[in-house]
Amino acid sequence: MAEKEATVYIVDMGRSMGERHHGRPMTDLEWAMQYVWDRITATVATGRKTATVGVVGLRTDGTINDLEEENFSNISILFGLGQVLMSDIRKLRETIKPSNTNRGDAISSIVIAMQMIIEYTKKNKYKRKIILVTNGTGVMSDDNIEGIIEKMKEVNIELVVIGADFDDAEYGVKEEDKDSRKAENETLLRSLTEDCEGVYGTLEQAVSELDIPRIKVTKSMPSFKGNLTLGNPEEYDTAMTIPVERYFRTYVAKPISASSFVPRSGTEPGSQAPVKGNAEGDALASVRASRTYQITDESAPGGKIDVERDDLAKGYEYGRTAVPIEQTDENVANLQTFAGMGLIGFVQKDQYDRYMHMSNTNIIIPQRANDNASLALSSLIHALYELESYAVARLVTKESKPPMLVLLAPSVEADYECLIEVQLPFAEDVRSYRFPPLDKIITVSGKVVTEHRNLPSVALKDAMSSYVDSMDFVTTNDEGQATDDLPIDESFSPLLHRIESAVRYRAVHPNDPVLDPSERLTEFAHPSEDMVKNSKSHLEKLMSIADVKKVPPKTKGRKRQRETEKPLSGLDVDALLSLEPKRTKISTENAIPEFKQTLSRAENIDAIHDAVQQMAKIIETQITHSLGHSNYDRVIEGLGTMREELVDYEEPTVYNDFVRQLKGKMLREELGGDRRELWWFMRKGKLGLIGKSEVDSSAVEEEEAQEFLAPN
Amino acid sequence: MVEDSYTREEDNYEDEELDETSFKSVKDAVLFAIDISNSMLTPRPSPDPKKHGDESPASAALKCAYHLMQQRIISNPHDMIGVLLYGTQSSKFYDENEDDRGDLSYPHCYLYTDLDVPSAQEVKQLRSLASPADADDDVRQVLEPSKEPVSMANMLFCANQVFTSKAPNFSSRRLFVVTDNDNPHADNKGMRSAATVRARDLYDLGVNIELFPISQPDHEFDTSIFYDDIIYKTSPSDGDAPAYLQPDTNTSTAKGDGLSLLNSLLSSINSRSVPRRSLFSNVPLEIGPNFKISVNGYLLLKKQEPARSCFVWQGGETAQIAKGVTTLMSDDTGQEIEKADIRKAYKFGGEQVSFTIEEQQALRSFGDPVIRIIGFKPLSALPFWANVKHPSFIYPSEEDYIGSTRVFSALHQKLLESEKLALVWFIPRRNASPVLAAMIAGAEKIDENGVQKIPPGMWIIPLPFADDVRQNPESTVHRAGDALNDAMRDVVRQLQLPKAVYDPSKYPNPSLQWHYRILQAIALDEDFPESPDDKTVPKYRQVHKRAGDYILKWADELKLQASEMFGGSVAATSTLVKRGAKTEAAGEHPSKRVKVEDSAPGVEDEVKKSYAKGTVSKLTVAVLKEFLHAHGRATAGKKADLVDRVEQYFEQKF
């Protein structure tokens with residue numbers, strides 16, 4: 001539960017805030033509001049009712065406050081402390097404009113803000129804060145400033161003063177030719193904040209730091225509390241039991257999720273310019289999902305019938321067999337387990353491959369307030385550390401949960417000790433895909449070759465080595481010394497923060513386009529300029545030795561591989577094929593191989609046409625005879641093969657003519673009835689016309705090809 | 001549960017190759033073609049007579065097929081598998097009638113298990129064939145070898161027809177040939193060339209023939225006699241995939257006695273059990289500005305979960321899965337809506353902030369897929385804790401850039417030698433959220449049968465962002481003294497895993513295996529297995545035998561240091577109030593002396609006594625909960641549930 005908050009923003013709206021200074025493209029007020037809106041929307045985004053905000057206008061044309069005294073004129077409470085909603089943001093946006101006056105005392109506005117907070121928060125526990133944003137040009141009086149300071153400390157309010165063009169030696173801002181009154185005001189405000197132990201800063205810094213993403217701190221709850229055991233305490237008197245707790249060490253923060261909506265009825269459906277701004281929130285209706293269940297029934301029209309949810313049993317698939325599980329033994333397929341972390345054995349650190357890490361990581365610490373457990377776990381941590389070992393354990397976090405295998409590594413810091421835990425793969429989690437070695441080539445006959453176009457030469461290896469060595473990624477600590485760390489603390493989830501800031505930006509600027517991601521978020525998208533400069537010569541050398549050539553798009557694909565279409569022995573099967581007496585006509589049952597072989601043997605264009613004709617006929621017959629979708633996969637495979645081959649042979653016209661006809665026949669239901677489903681499969685498989693981009697000689701423009709596949 | 005399924009969906013999405021260019025469906029079909037001949041049926045005796053190692057090559061092959069079938073039901077529930085026996089006396093091909101001898105299309109070919117997603121019944125049938133000694137005569141008859149030789153051309157065409165009709169348009173179709181005959185048509189040239197032609201048909205159809213040769217006791221299998229004319233260099237479905245030929249032709253030729261034959265065949269088949277599907281293909285690996293090579297990505301490590309439960313309709317003759325259909329409706333009108341009309345909006349300040357679909361896409365886009373190196377660091381810079389998910393594996397491809405392989409190899413060798421990692425900006429697919437990742441080189445690993453276990457290549461390990469790092473909770477540190485650490489070191493030394501290394505293949509996932517074992521039992525109406533074969537349970541006896549004494553020594557030292565460190569103040573610090581009592585009780589209850597639990601031994605005793613007297617229900621909820629928690633049992637529910645659970649605990653134990 002986060003602490004309750006009461007924050008009052010005092011926005012200087014005086015006439016001078018409407019001016020532009022020092023060549024900035026925006027007025028002081030616009031500049032200041034970048035900061036204020038960012039902070040307010042950040043609070044709104046939390047959605048917390050207890051994160052309350054108030055807004056006070058300083059140097060406003062009118063006066064809206066309870067202290068009806070001359071000193072407090074031209075100060076308006078624009079929004080009393082409370083949760084800010086979208087409608088409030090819209091109202092405030094309308095209200096906060098430069099006024100026509102420069103009258104109004106900043107110090108008085110602080111008093112009003114204090115008054116607001118004291119009244120609202122009473123004696124309750126709150127995080128109290130006043131943020132004043134001003135350009136410091138108005139008249140300020142230091143009457144009773146001590147009283148203010150005293151009160152501020154008494155009720156524990158943090159005062160933050162942010163000023164446009166305020167001097168800040170630390171940040172490196174100094175305004176030349178500063179107005180003497182402004183200089184006086186700055187001195188006054190600075191000493192005031194210092195006396196209140198508040199924060200005093202220049203607006204330039206505040207705005208520049210807006211794009212540093214703010215990290216949401218999540219308090220971790222233990223995901224397991226139980227015993228770390230070695231041996232079985234239920235069975236042996238030599239078993240070791242240490243009560244421990246488990247917490248997240250890493251856990252991926254997810255971006256806020258969007259919900260689905262549709263334009264509310266009454267607003268024109270499909271109108272592309274959605275009503276933004278004021279009416280936005282009301283124009284959307286939420287979407288509900290309803291689920292129905294169907295089973296296959298060949299006798300029913302459409303082959304499917306609806307069944308009631310209540311008539312269905314829970315179950316699983318075992319291969320293609322449906323296995324219902326009676327309600328009474330619903331848990332029968334679950335392995336019975338009991339919570340606990342049992343050590344299985346120990347492994348050598350240098351024998352472990354880091355890529356076996358399967359999950360996020362957790363930490364294991366001793367049970368709270370159990371000194372013995374802490375001492376016992378400490379000895380395990382240190383023993384592992386000294387032996388450069390890791391422990392393998394079986395972890396069940398709760399009764400009946402599936403067991404996990406975890407690796408436990410010791411972590412010893414100056415004032416913290418724990419085990420770091422990560423999940424290991426089970427046998428089923430490892431997929432054995434095999435790949436040839438990278439440092440040698442083994443030929444078909446088993447010979448080992450070490451010089452080959454796919455193997456790096458000594459020169460290439462050297463060039464790579466010097467390039468890699470010239471590209472050290474430098475990280476530094478707070479003192480500027482080089483460290484061996486990865487830049488984890490400085491890297492922020494780009495998607496999470498981009499969506500979050502886009503939502504907040506859109507809330508305040510409903511009609512602006514979405515912004516590019518801030519530089520902070522893409523800082524690590526490219527190597528730094530310095531590194532690129534330093535390694536330039538090494539890279540150039542590497543590139544020239546590597547001699548990598550981009551494959552022109554046209555020659556991609558299977559054609560290049562034609563030469564390898566021979567069995568291992570290198571036997572010329574094509575020669576044998578041509579001797580086969582039977583293969584003059586393409587047979588239905590062996591259509592695809594024979595089609596390919598006929599094409600490869602074709603000596604003239606007529607032979608190709610003839611092969612396509614035969615194939616076309618086979619495909620049409622398959623469609624006509626298809627009961628429902630029974631032959632569709634074969635049809636798609638045949639069409640796809642035809643298309644691929646004819647692209648390779650650069651004969652787009654024959655295919656295009658055929659597929660045009662086929663589409664017509666299918667949609668006219670001339671091939672055994674309604675074949676729209678098949679047409680949908682063809683669209684999905686992109687089996688439409690062969691366009692110019694695929695084969696130069698095609699007469700079909702890209703638009704036409706796309707049009708052809710468009711849903712009718 | 002909601003969250004579980006949510007994350008799983010996301011994972012599945014990631015798992016799929018989003019190949020928009022291909023018309024083929026991403027599925028795999030494996031058809032075993034097992035040679036049935038006298039030599040294949042002759043058991044190879046085991047050298048150790050005590051072990052039941054007598055195994056004929058044919059039964060080893062059938063066991064492998066059965067094993068693979070079971071395994072794929074778990075790992076690839078939508079892929080197909082079939083078994084074709086050839087060289088058998090009897091023949092079977094779909095509806096063809098055995099009696100019309102003359103008209104059989106494929107004599108001596110017996111399609112034992114049709115190519116399909118296996119049903120429970122087929123699993124059972126294959127199992128009975130794999131251990132024919134226990135099977136009926138009917139089953140054994142199937143394995144009667146033919147007196148006349150089978151035509152290889154015919155067998156290959158039979159396989160062709162099975163693939164053509166049962167697995168059309170699959171992206172991966174493979175024929176696993178298991179035989180010990182390296183010269184099927186020794187003296188018939190015509191038959192040989194017919195076979196090579198049929199093999200070419202399979203190649204053109206996109207079927208990959210994979211040979212599992214078995215050497216005869218007195219004769220090494222020689223692929224060059226016949227099979228080199230049948231098998232092709234490249235995989236027809238994945239032309240760019242680097243062929244891995246070595247084990248096919250050399251080392252993995254199964255030979256020797258029954259058991260080692262079975263094992264080497266298993267390991268060789270296992271290594272090819274999954275078709276190679278890429279996670280992403282031809283993504284540029286940008287080594288420096290304007291210097292790119294292309295790589296393919298694969299998921300070699302991926303958590304295998306049991307398939308989600310579904311709804312089963314039992315109204316018909318056979319139970320069938322009911323398919324859920326979701327319709328989306330507008331909340332205000334209740335009318336059905338099209339996907340295209342849906343807008344995405346975020347809740348903000350009590351309202352919705354919405355974006356058009358184009359804007360939503362723009363927000364998610366951070367550029368084209370890329371693996372861009374932004375610098376190098378020593379491997380030691382990668383902390384153990386800096387991990388959020390499984391890694392991706394990459395291997396070079398020559399598809400987009402000629403020369404990718406040699407450059408990749410140079411980088412791979414350099415990173416291995418210098419023990420460095422590359423820091424990369426990683427966008428695996430269009431519109432995927434970018435991550436910062438560590439790219440490390442992995443060396444090739446070979447198992448004892450000469451089959452590759454871990455391929456050479458690079459691993460991309462996504463790093464946590466600052467947002468993903470949690471703060472350590474507060475914890476008190478009491479550093480153990482040297483003597484205690486020494487005592488623990490002795491314990492650790494005693495209990496190293498074999499070769500001090502974690503080998504995943506030794507640990508099948510017990511809950512996954514149990515789940516499917518039970519489903520199989522239900523589907524086949526068999527008795528449930530008594531207890532699971534759980535390899536992950538620690539070997540308690542071994543711990544006791546090898547390290548028991550050391551643990552006791554450690555416990556004594558712990559007690560000593562604890563009393564020195566905390567002394568009388570222990571009572572004040574925590575719930576350890578009753579520690580004093582426990583120490584006294586230690587003599588009586590040696591079984592508890594190693595525990596450092598905070599729970600009072602009193603609870604343990606109290607519950608035990610109550611159970612003996614049958615008065616567990618008189619205990620307080622707090623005591624029951626404490627007892628259950630200490631024994632890893634759930635503590636939720638009403639008091640009656642807790643009492644039940646405590647009683648169950650004792651019943652199971654004694």
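**Entry 1: the nonpolar cores**

Which residues touch the most other members in the largest nonpolar core? I began there, keeping in mind that this is a predicted model. The core has 130 residues, and Leu31(B), Ala33(B), Leu84(B) and Ala159(B) touch the most other members. I then looked up where its residues come from: helix 3 of chain B, residues 57–75, gives the largest share, with 11 residues.

I picked Leu84(B) and listed its contacts, leaving out residues up to four places away in sequence. Leu84(B) touches Leu31(B), Phe32(B) and Ala33(B), then Cys109(B), Leu111(B) and Tyr112(B), and also Cys158(B), Ala159(B) and Val162(B). Another core, of 124 residues, lies apart from the largest one. Its members include Leu343(A), Ala373(A) and Leu419(A), along with Leu299(B) from the other chain. A background note to myself: nonpolar side chains tend to be buried together in soluble globular proteins.

**Entry 2: strand 1 of chain B**

Next I turned to strand 1 of chain B, residues 25–35. How many of its 11 residues are buried? I found eight, so I noted the strand as mostly covered. Two parallel partners turned up for strand 1 of chain B. One is strand 4 of chain B, residues 170–179, paired over eight bridges; here Ile34(B) has Val178(B) as its bridge partner. The other is strand 2 of chain B, residues 80–86, paired over seven bridges; here Asp35(B) is matched with Tyr86(B).

**Entry 3: chain B as a whole**

I stepped back to chain B, which has 654 residues, 48% of them buried. Its secondary structure comes to 19 helices and 19 strands. I also checked contacts between residues at least 6 apart in sequence: in chain B, 68% of these join residues at least 24 apart.

**Entry 4: two lysines in chain B**

Is Lys625(B) buried or exposed? I located Lys625(B) in helix 18 of chain B, residues 621–630. It has 20 C-beta neighbours inside 10 Å and therefore counts as buried, since the cut-off is 20 or more. Beyond its neighbours within four places in sequence, Lys625(B) is in contact with Thr635(B) and Leu642(B). I also took the C-alpha distance from Lys625(B) to Val646(B), which is 9.3 Å across 21 residues of sequence.

Lys639(B) sits in helix 19 of chain B, residues 639–653. I counted 13 C-beta neighbours inside 10 Å, so Lys639(B) is partly exposed. From Lys639(B) to Ile371(B), 268 residues away along the chain, the C-alpha atoms are 57 Å apart.

**Entry 5: strand 8 of chain A**

Over to chain A, where I looked up strand 8, residues 240–248. Eight of its nine residues are buried, so this strand is largely enclosed by the rest of the structure. Strand 7 of chain A, residues 224–230, pairs with strand 8 of chain A in the antiparallel sense over seven bridges. In that pairing Leu230(A) stands opposite Met240(A). Strand 15 of chain A, residues 361–366, also runs antiparallel to strand 8 of chain A and is joined to it by five bridges. There I found Tyr247(A) matched with Ile363(A).

**Entry 6: helix 2 of chain A and the record**

In helix 2 of chain A, residues 86–95, I found Met86(A), Ile89(A) and Leu92(A) buried. They are on the same side of helix 2 of chain A because they cover an arc of only 120 degrees around the axis. What do they pack against? From chain A I noted strand 2 (51–58), strand 3 (75–82) and helix 9 (494–508); from chain B, strand 10 (343–348) and strand 11 (351–355).

I checked the UniProt record too: its unreviewed entry places "domain: VWFA" at residues 6–210 of chain A. That span is 38% helix and 20% strand, with its end C-alpha atoms 21 Å apart.

**Entry 7: where the chains meet**

Last, I looked at the contact between the chains, which takes 225 residues from chain A and 225 residues from chain B. On the chain B side I noted 116 nonpolar, 69 polar and 40 charged residues. Strands pair across the chains as well: strand 10 of chain A, residues 284–296, runs antiparallel to strand 9 of chain B, residues 320–330, with eight bridges joining them. In this pairing Arg291(A) stands opposite Thr326(B).

Note on methods
Residues are numbered from 1 along each chain as its sequence is written. Chains are lettered from A and ligands numbered from 1 in the order in which they are written. This is a predicted model: local features need pLDDT of at least 70, side-chain atom pairs count only at pLDDT 80 or more; totals for chains, interfaces and linings use all residues. Two residues are in contact if their C-beta atoms, placed from the backbone, lie within 7 Å. Ala, Val, Leu, Ile, Met, Phe, Trp, Tyr, Cys and Pro count as nonpolar, Asp, Glu, Lys and Arg as charged, and the others, Gly among them, as polar. Two strands pair if DSSP finds at least two bridges between them. Helices (H or I, at least four residues) and strands (E, at least two) are DSSP runs, numbered from the N terminus. A residue is buried if 20 or more other C-beta atoms lie within 10 Å of its own, exposed if 12 or fewer, and partly exposed in between; C-beta atoms are placed from the backbone. The arc is that of the directions from the helix axis to the C-beta atoms. UniProt positions are given in the numbering used here, feature names are shortened, and annotations may be inferred rather than shown by experiment. A nonpolar core is a set of buried Ala, Val, Leu, Ile, Met, Phe, Trp, Tyr and Cys residues joined through C-beta atoms within 7 Å.
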